[in-house]
2 protein chains.
Amino acid sequence: MEYFHVNFGNDHKKEDGGSNLKPMDSEQLREYGHKMVDFIADYYKNIESFPVLSQVQPGYLRGLLPESAPTRPETLQDVLQDVQTKIFPGVTHWQSPDYFAYFPSNSSVAGFLGEMLSAGINMVGFSWITSPAATELEMIVLDWLAKALKLPDNFLSTGEGGGVIQGTASEAVLVVLLAARDKILRAVGKELIGKLVVYASDQTHSALQKACQIAGIHPENCRFLKTDSSTEYALSPNSLREALSQDLATGLIPFFLCATVGTTSSTAVDPLLALGHIAKSNGMWLHVDAAYAGSACVCPEFRHYLDGVEEADSFNMNAHKWFLTNFDCSALWVKDRSALIQALSTNPEYLKNKASQANLVVDYKDWQIPLGRRFRSLKLWMVLRLYGLENLQAYVKNHIELAKRFEEFVSEDSRFEVVAHRKFSLVCFCLLPPQNDEDLANKLNRDLLDAVNSSGKIFISHTVLSGKYVLRFAVGAPLTEERHVIAAWKVLQDEAAALLRNSSKMTDSFA
Amino acid sequence: MEYFHVNFGNDHKKEDGGSNLKPMDSEQLREYGHKMVDFIADYYKNIESFPVLSQVQPGYLRGLLPESAPTRPETLQDVLQDVQTKIFPGVTHWQSPDYFAYFPSNSSVAGFLGEMLSAGINMVGFSWITSPAATELEMIVLDWLAKALKLPDNFLSTGEGGGVIQGTASEAVLVVLLAARDKILRAVGKELIGKLVVYASDQTHSALQKACQIAGIHPENCRFLKTDSSTEYALSPNSLREALSQDLATGLIPFFLCATVGTTSSTAVDPLLALGHIAKSNGMWLHVDAAYAGSACVCPEFRHYLDGVEEADSFNMNAHKWFLTNFDCSALWVKDRSALIQALSTNPEYLKNKASQANLVVDYKDWQIPLGRRFRSLKLWMVLRLYGLENLQAYVKNHIELAKRFEEFVSEDSRFEVVAHRKFSLVCFCLLPPQNDEDLANKLNRDLLDAVNSSGKIFISHTVLSGKYVLRFAVGAPLTEERHVIAAWKVLQDEAAALLRNSSKMTDSFA
């Protein structure tokens, strides 16, 4: 499993009990940092030689490592050796050009440099005073990104709203759900929490269900409204109106609507404008989750998918998915920051300071679940500056073109079928069963998924749409080129042919 | 503001529209990564030349940066120049050896290397399958740390419990509060959420209050029991018993007790064993927050502060505070992982996979708020291996010795007073007012805090204990040596002398 070699000098020669440990010596950081850069650059150089999906068995690592931490120091050479021989086999390589599963999680040189710098400065920016630059750069860079997305001005930090970097879209939807919950409970009384109702389509990410669990919204008050192929899995305003009128008739209190631009299963786009009007006339908070597809909306030709976002109270996109910013960096904008702050602020004595007390500054601790926070705006700033918006648009468009190419491959092969309309860089498709047998169809596609993923050559994932087991091919890894898409299609065709041969043999033998 | 110089070649010469952008080219990563290593190493080399606490005014950065993101790429040289001239002035340098505020947030060479590697691999480890190594290394390394802390075996991953890395202690207390909340609500019915009561001392970190807000525990059911100097600000079992019996008498439902080992204000230690017995006999979940002081408890001579932890249901310490692991890395252990999972799991189709469905693996997404998660165990693993436990113990002990030294300085100067008993590396103290005037005392210490922090020479913070404004001097930055503590004391003495001169002048002139 030695894909490349590292050769270090003698690290950590210290032989005493550690009383003169210098854990942050600048010259040691320099020496070891350079070694680590080479190690990581070599990883990327050789990334195509790894199985994309890790092929290890559960529990593989336990026997390979000692049962307890070492008493004395070990060398960096030993650790990196272990990374190669023990850790890498257990890594699923999200940055591999042959990775097409879930949604992408981009790394880039700029994003990586931003992570390095953030780890180097290693400040904890809970309040403005703990590093003014961290708070202010975040405000500015999220204004930049809001402008690139042509979000309405009331999402900018210069008004009553503003942007904030959350860890993930799950945290984004949770904090706005809490803001909306507490806003309505202030009006109706907190004992009515059991009457609050949340609306979304059944295609909405499970993060919303989890947020509701956390916030104490009763599961029976979460309306995940059924969608189907007739609306291309988008939430129908009519079904929302129906649900609302039923709930209002029984004395329940609708307060939150989550719309999605680019659902996880099939990148469906909910009709924001129509949903926004319903939300507004019912006094509900509208959150728009564009975690994945938001990146595409910086391109003029895809911006129309956000039409109606002006009706939303909050909007989220993950720069760490498809926007070259290393994980984690989930951008959230709200129109009314005071609602967030009212739900999430605390003000203990030991954190008080003049700037905060005078209300002169933003303290992002009150916009998020945790207290501490890293300097994440650095990496987004570096991505935007080192690549520039034109390059970023071209990057996303190229993936969409590659997905279109893959869609054509599927369409041209009569053994396969494209399922759901492709909008961005995800293609949903399936292998057709020999005798139109639905049960066999699901098994066949499950087997195809297993076969291609076990080959280590590519990694794809799946979903279920209208009861049908569907394969998902998501283009979006930074190193993916046309040749990788062509090769992936070949892998799928070959494994499919083998499966169909076996299945027709089996059908024959049972005939 | 140019503390050091960097000189790069021409970066990003690309002149086309970006169609051939290579955002993850291994050789570009190598070239730029080396530059960034040197930039960060130089930062540490020069770190003492910066004002510790940033001296900028609110809004300073807005005018220094453009109003929107660039269309075309900029050079790394330009960006790093801006980091030096525009960002660094707005950074509060947590890694400066002259940083003594709040609690420390350690960076180290090993921790930094771990961050680099994690950012390089950039996988998103929500489920085992998305990188088995990430999940399994985390389980193993938290077992290592549990053993180093001599936690009871039922916190190990080999039984019904196990460890998990959370971002912060705030998230740690939130997830266990949710686990405890849902456990009791399953028994009594979810409509009784308004009757649930949480207990802790008034010295407990505000993270608990925030967790209660999020979880929908009514504020009037949060008992932050009063402490004072008679118990050295520890929670008295008697006051807990009293509160419990009152609440039980009125039909409320006690369900959660948070004890602290090393409170934020004064590092008070709650009596775990006595509190644990009360919690157990009342069917309450006991969480132990040792976010800061947990690091000291790897030393045999300080382990006794954890006596009684065997009665706890969950235990938390922040490796990112005082254990050389870069932010964020908050280690949480639970005895019953199923309680966590029941509160936090979701199981959408698009994340299903054989290993998870067969219940063969841990999926950490169900132990935390977010879905996605970084490969944070790498940095903790590297810290433990590259330094070894002996060095880490010596590191912590050295800071405690330095704090003891500082405490002696204060004791020997009759103008000052040590407030609260020092246990670890935090010294609480204050400047005594000339005429024993309490109002003047608070103002005097506020002014002293302002004076030393505005000098840029050191950064300390404050708290209030029994109504008294108290200065906090927390030793724990990785570069802090005896000479820095001596110099800090000199700064404090000089500024105090100047303040006392002025205040006696003022007193004279009003006399």
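These legends go with close-up views of a predicted model.

**View 1. Chain A and chain B meet face to face with their own copy.** Here we look at how chain B sits against chain A: 130 residues of chain B are in contact with 130 residues of chain A. Helix 1 of chain B, residues 26–45, gives the largest share of that side, with 16 residues. Sorted by class, the chain B side has 70 nonpolar, 40 polar and 20 charged residues. Since 100% of the interface residues of chain B are interface residues in chain A too, the copies meet through the same surface.

**View 2. A two-fold axis relates the copies.** Turn chain B by 180 degrees, with 0.0 Å of shift along the axis, and it superposes on chain A with an RMSD of 0.0 Å. That is just the relation of a two-fold axis.

**View 3. Two domains of chain A touch each other.** Domain 1 of chain A covers 112–384, and domain 2 covers 393–510. Their centres, taken over C-alpha atoms, are 33 Å apart. Each domain puts 16 residues into the contact. On the domain 1 side, that makes eight nonpolar, six polar and two charged residues.

**View 4. Helix 3 of chain B packs against helix 12 of chain B.** Helix 3 (residues 109–121) and helix 12 (residues 377–412) of chain B pack at about 145 degrees, their axes 8 Å apart. The crossing is right-handed. From helix 3 of chain B, the residues in contact include Leu113(B), Gly114(B) and Leu117(B); across from them, helix 12 of chain B brings in Met382(B), Val383(B) and Leu386(B), among others. Counted by class, this contact has eight nonpolar, three polar and two charged residues.

**View 5. Four strands of chain B form an open antiparallel sheet.** The strand order is 8-9-11-10. Strand 8 (416–418) and strand 10 (461–465) of chain B are the edge strands, each with a single partner, so one side of each has no neighbour in the sheet. On average, neighbouring strands are turned by 40 degrees against each other, direction ignored. Zoom in on strand 9 (residues 426–431) and strand 11 (residues 468–474) of chain B, and you find an antiparallel pair with four bridges. Within that pairing, Cys428(B) has Arg472(B) of strand 11 as its bridge partner.

**View 6. Helix 12 and helix 13 of chain B lie across strands of the sheet.** Helix 12 of chain B lies across strand 8, strand 9 and strand 11, running at about 15 degrees to strand 9. Helix 13 of chain B (residues 438–454) lies across strand 9, strand 10 and strand 11, and runs at about 30 degrees to strand 11.

Methods: Residues numbered from 1 in each chain as written. Chains lettered and ligands numbered in written order. Predicted model: local features only at pLDDT ≥ 70, side-chain atom pairs only at ≥ 80, totals over all residues. Domains from an automatic or database assignment. Contact = placed C-beta atoms within 7 Å. Nonpolar A, V, L, I, M, F, W, Y, C, P; charged D, E, K, R; others polar. Helix = DSSP H or I, 4+ residues; strand = E, 2+ residues; numbered from the N terminus. Least-squares fit on C-alpha atoms with pLDDT ≥ 70 in both. Axes fitted to C-alpha atoms, helices over the stretch in contact; angles between N-to-C directions. Left-handed = near helix turned anticlockwise from the far one by under 90°. Pairing = 2+ DSSP bridges.
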